[in-house]
Amino acid sequence: MKSVAHTSQPFSPLEFETRTAIPTDAAAYHLMRTTQTLRAWACNDAAPIHPVRVNGRLAWVVTDIQHLLSGEK
């Protein structure tokens, strides 16, 4: 099996994020989930966090992600 080493992060750390909401791919990266999981969360009432919709696209609130990761939600 071939090992792939990641030398750089594709997204900046959440503490340096200046946007109030981030796209699904960035949110999935920070939450260590697939983008499909987050899309399912958007349709699920029992999801731990919910996105806002901006012109038909999902945007995930950075503070919601931070609270979820810290165990506050």
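The buried residues of helix 1 pack against four elements: strand 1 (21–23), helix 2, strand 3 and helix 3. Keep in mind that this is a predicted model. Helix 1 is mostly covered, with 6 of its 8 residues buried. Those are Thr24, Ala26, Ala27, Ala28, His30 and Leu31.

Let's start with Thr24, which sits in helix 1. Its relative accessibility is 9%, so it counts as buried, the cut-off being under 20%. Leaving aside residues up to four places away in sequence, Thr24 touches Thr35, Leu38, Leu58 and Trp60. At the other end of the story, just after helix 1, Met32 takes a positive phi of about 55°.

Now step back to the whole chain. There are 3 helices and 3 strands, and reading from the N terminus the order is β-α-α-β-β-α. Of the 73 residues in the chain, 29% are buried. If you take the contacts with a separation of 6 or more, 40% of them join residues 24 or more positions apart.

On to the helix pairs. Two packed helices are described by the angle between their axes and the distance between the axes. For helix 1 and helix 2, the axes come within 8 Å and cross at roughly 105°. That angle falls in the 65 to 115 degree range, so helix 1 and helix 2 are roughly perpendicular to each other. On the helix 1 side, the residues that meet helix 2 are Thr24, Asp25, Ala27, Ala28 and Leu31, and their partners in helix 2 are Thr35, Leu38 and Trp41. Sorted by class, this contact of helix 1 with helix 2 has 5 nonpolar, 2 polar and 1 charged residues.

How do helix 1 and helix 3 pack? Their axes are 11 Å apart, at an angle of about 15°. Angles under 35 degrees count as roughly parallel, which is why helix 1 and helix 3 get that label. The crossing of helix 1 and helix 3 is right-handed. Ala27, His30 and Leu31 make the contact from helix 1, while Ile65, Leu68 and Leu69 make it from helix 3. By class, the contact of helix 1 with helix 3 comes out as 5 nonpolar and 1 polar, with no charged residues.

Two residues on the helix 3 side are worth following up. Ile65 belongs to helix 3 and is buried, with a relative accessible area of 0%. Beyond residues up to four places away in sequence, Ile65 touches Leu14, Ile22, Ala27, His30, Leu31, Ile49 and Trp60. Take Ile49 from that list: it lies 16 residues from Ile65 along the chain, and the C-alpha atoms of Ile65 and Ile49 are separated by 7.6 Å.

Is Leu69 buried or partly exposed? Leu69 is also placed in helix 3, but its relative accessibility of 46% makes it partly exposed, since that class lies between 20% and 50%. With residues up to four places away again left out, Leu69 touches Leu14, His30 and Leu31. Leu31 is 38 residues from Leu69 along the chain, and their C-alpha atoms are separated by 7.3 Å.

That brings us to the core. In soluble globular proteins, nonpolar side chains tend to be buried together. Here the largest nonpolar core has 15 residues, and Ile22, Leu38, Trp41, Trp60 and Ile65 touch the most other members. Helix 1 (24–31), helix 2 (35–43), strand 3 (57–61) and helix 3 (62–70) are the elements that give two or more residues to this core. The largest share, 4 residues, comes from helix 1.

Ile22 deserves a last look. Not counting residues up to four places away in sequence, Ile22 touches Leu14, Glu17, Ala27, His30, Leu58, Ala59, Trp60, Val62 and Ile65. Among these are Ala27 and His30, which also help make the helix 1 contact with helix 3. So if you'd like to trace the packing on screen, you could begin at Ile22, step to Ile65, and carry on from Ile65 to Leu31.

Note on methods. Residues numbered from 1 in each chain as written. Predicted model: local features only at pLDDT ≥ 70, side-chain atom pairs only at ≥ 80, totals over all residues. Heavy atoms only, no water. Core = buried A, V, L, I, M, F, W, Y, C linked by side-chain atoms within 4.5 Å. Buried < 20%, exposed > 50% of the residue type's maximum accessible area, 1.4 Å probe, protein only. Contact = heavy atoms within 4.5 Å. Axes fitted to C-alpha atoms, helices over the stretch in contact; angles between N-to-C directions. Parallel < 35°, antiparallel > 145°, perpendicular 65-115°, else oblique. Left-handed = near helix turned anticlockwise from the far one by under 90°. Nonpolar A, V, L, I, M, F, W, Y, C, P; charged D, E, K, R; others polar.
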